Amino acid sequence: MNLVEDCLNKVKKDCYKFIKTQETSSDKFKNKDKMLKDYLVPMSFWIAKKTNFKKPYIVGLTGGQGTGKTTISSILMIILKKYFKLKVFKISIDDIYKTKNDRIKLSKKVHPLLLTRGVPGTHDINYMSSFIKKANSRKFRSIILPKFDKAIDDRLTKKNWYKVNSRPDVIIFEGWCVGARPESLKTLKKSVNSMEKNDDNKLIWRKHVNDQLKKGYKKLYSKLDCLLFLRAENFSLLQKWRVIQEKKLKLKNKNKKTKQKIMTKKEVLNFMQTYQRITQNMFKYAPKYASIVIKLNSNHQINSVKYNL
């Protein structure tokens, strides 16, 4: 028995248990064994080999909306914990969104579109920067980090935040714009959808977002030790997957009040227009600088994995 098979046998039960929580009666995962054996277990070996225990190994995981970042990162965490006995902490860039009140203030000060969560500038990246700095310190003390609830479009109260009591061996930082890079002014000038054309004809919003990528976000992303990129075939597929994701959220949410705040298909498609520019830019450039490119087919399955060593 080789190491991959040995690992698979020891983690399969836990991985399948997690996958089941992500399924609905009409949307089941296919080829689970292949996904684990051919792609995610070898990827876990690659990550584990990079750890040195002197400081956390920071994994960035990125991909457009609905690509499966939460699923992939959660499975990697299960394998790294269960088989490699590593301490792993996973957080999404979504968790460090600014509060609703802060985004209201930002939308009034800079541009109305900044009320909508998502783009660089709508996160409080100081939380993540501070956490990485403390995690790299020899004298690590417990720290709490925010949790965001998309159903209410706001940050949860502090009693529901993440509590990190010991220094992690691996930090998985996932999010749709993790690792994104700024554009040139020339490409910024051309609108990519009707929202930009109608609501940002003076380029104020897109210039502000691009400036964030040049400054604080660039500094934060420079702390990543590697970047994993989930690459879909096109933006239309992402729209389809994101609509499915919202339906799943509705099925799983038992709270009537928050259920009413879950988006309709039309709302999802409008919402995704704010993500389109950076997502399409990453389609073009991220495969060139990502450490690992995970190519997804139209059926939402991993088709191939390329290691850019």
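How far apart are the mean positions of the 71 positive and 25 negative charges of the protein? They are 3 Å apart. The legends below walk through this predicted model, starting with the whole chain and then moving to single residues.

**Figure 1. The whole protein, with its twelve helices and ten strands.** The radius of gyration is 19 Å, close to the 19 Å that the globule rule gives for 309 residues, so the protein is as compact as a globular protein of that length. Along the principal axes, the C-alpha atoms fill a box of roughly 60 × 50 × 45 Å. If you like bulk descriptors, here are a few more. Buried residues make up 51% of the 309. The accessible surface is about 16,400 Å², and carbon and sulfur atoms hold 50% of that area. Among contacts with a separation of 6 or more, 75% join residues 24 or more positions apart.

**Figure 2. The largest nonpolar core, a set of 90 residues.** In soluble globular proteins, nonpolar side chains tend to be buried together. Here, the residues with the most contacts inside the core are L40, F131, F173 and Y221. Helix α2, spanning residues 32–50, gives the most to this core, with nine residues.

**Figure 3. A close look at F173 and what it touches.** Neighbours up to four places away in sequence are set aside in this view. On the low-numbered side of the sequence, F173 meets V59, G60 and L61, then I91, S92, I93 and I96, and also M128. Its other partners are V178, L220, Y221 and L224. One of these, Y221, is listed with F173 among the residues having the most contacts inside the core.

**Figure 4. I294 in strand β9.** With a relative accessible area of 0%, I294 is buried. Which residues does I294 touch, not counting those up to four places away in sequence? The run L228, F229, L230 and R231 is part of the answer, together with M43, I302, S304 and V305. For a distance to try in your viewer, go from the C-alpha of I294 to that of G63: the two residues are 231 apart in sequence and 9.3 Å apart in space.

**Figure 5. V164 in strand β6, residues 162–164.** Is V164 buried or exposed? At 4% relative accessibility, V164 counts as buried. Beyond its neighbours up to four places away, V164 touches F89, F131, F140, S142, I143 and L145. F131 is also one of the residues with the most contacts inside the largest nonpolar core. The C-alpha atoms of V164 and Y83 are 21 Å apart, with their positions 81 residues apart in sequence.

**Figure 6. F148 in strand β4, residues 148–149.** F148 is buried, at 10% relative accessible area. Leaving aside neighbours within four places in sequence, F148 is in contact with D94, D95, Y97, K98, R103, R117, D153, D154 and R155. Its C-alpha lies 25 Å from that of A232, a residue 84 positions away in sequence.

**Figure 7. Q273 in helix α12, residues 265–289.** The relative accessible area of Q273 is 14%, and this residue is buried. Which residues is Q273 in contact with, leaving aside its neighbours within four places in sequence? They are N193, S194 and M195.

**Figure 8. N198 in helix α7, residues 194–199.** N198 counts as exposed, at 55% relative accessibility. For another distance to check, take the C-alpha atoms of N198 and S142: they are separated by 47 Å, while the residues are 56 apart along the chain.

**Figure 9. Two loop residues with positive phi, F53 and H300.** Most residues other than glycine have a negative phi. The phi of F53 is near 70°, and that of H300 is near 70° as well. F53 sits in the loop between α2 and β1 (57–63), whereas H300 lies in the loop between β9 (292–296) and β10 (302–307). How does each residue stand toward the solvent-accessible surface? F53 is exposed, with a relative accessible area of 52%. H300 counts as partly exposed, at 34% relative accessibility.

How values were computed. Residues are numbered from 1 along each chain as its sequence is written. This is a predicted model: local features need pLDDT of at least 70, side-chain atom pairs count only at pLDDT 80 or more; totals for chains, interfaces and linings use all residues. Side-chain values use heavy atoms; hydrogens and water are left out. Helices (H or I, at least four residues) and strands (E, at least two) are DSSP runs, numbered from the N terminus. The radius of gyration is taken over C-alpha atoms; the globule rule is 2.2 Å times the number of residues to the power 0.38. Buried means under 20% relative accessible area, exposed over 50%, partly exposed in between (1.4 Å probe, protein chains only). Contact means heavy atoms within 4.5 Å. Accessible areas come from the Shrake-Rupley method with a 1.4 Å probe; for residues, only the protein chains shown count as cover. Lys and Arg count as positive and Asp and Glu as negative; His and the chain ends are not counted. The place of a charge is taken as NZ of Lys, CZ of Arg, CG of Asp or CD of Glu. A nonpolar core is a set of buried Ala, Val, Leu, Ile, Met, Phe, Trp, Tyr and Cys residues joined through side-chain atoms within 4.5 Å.
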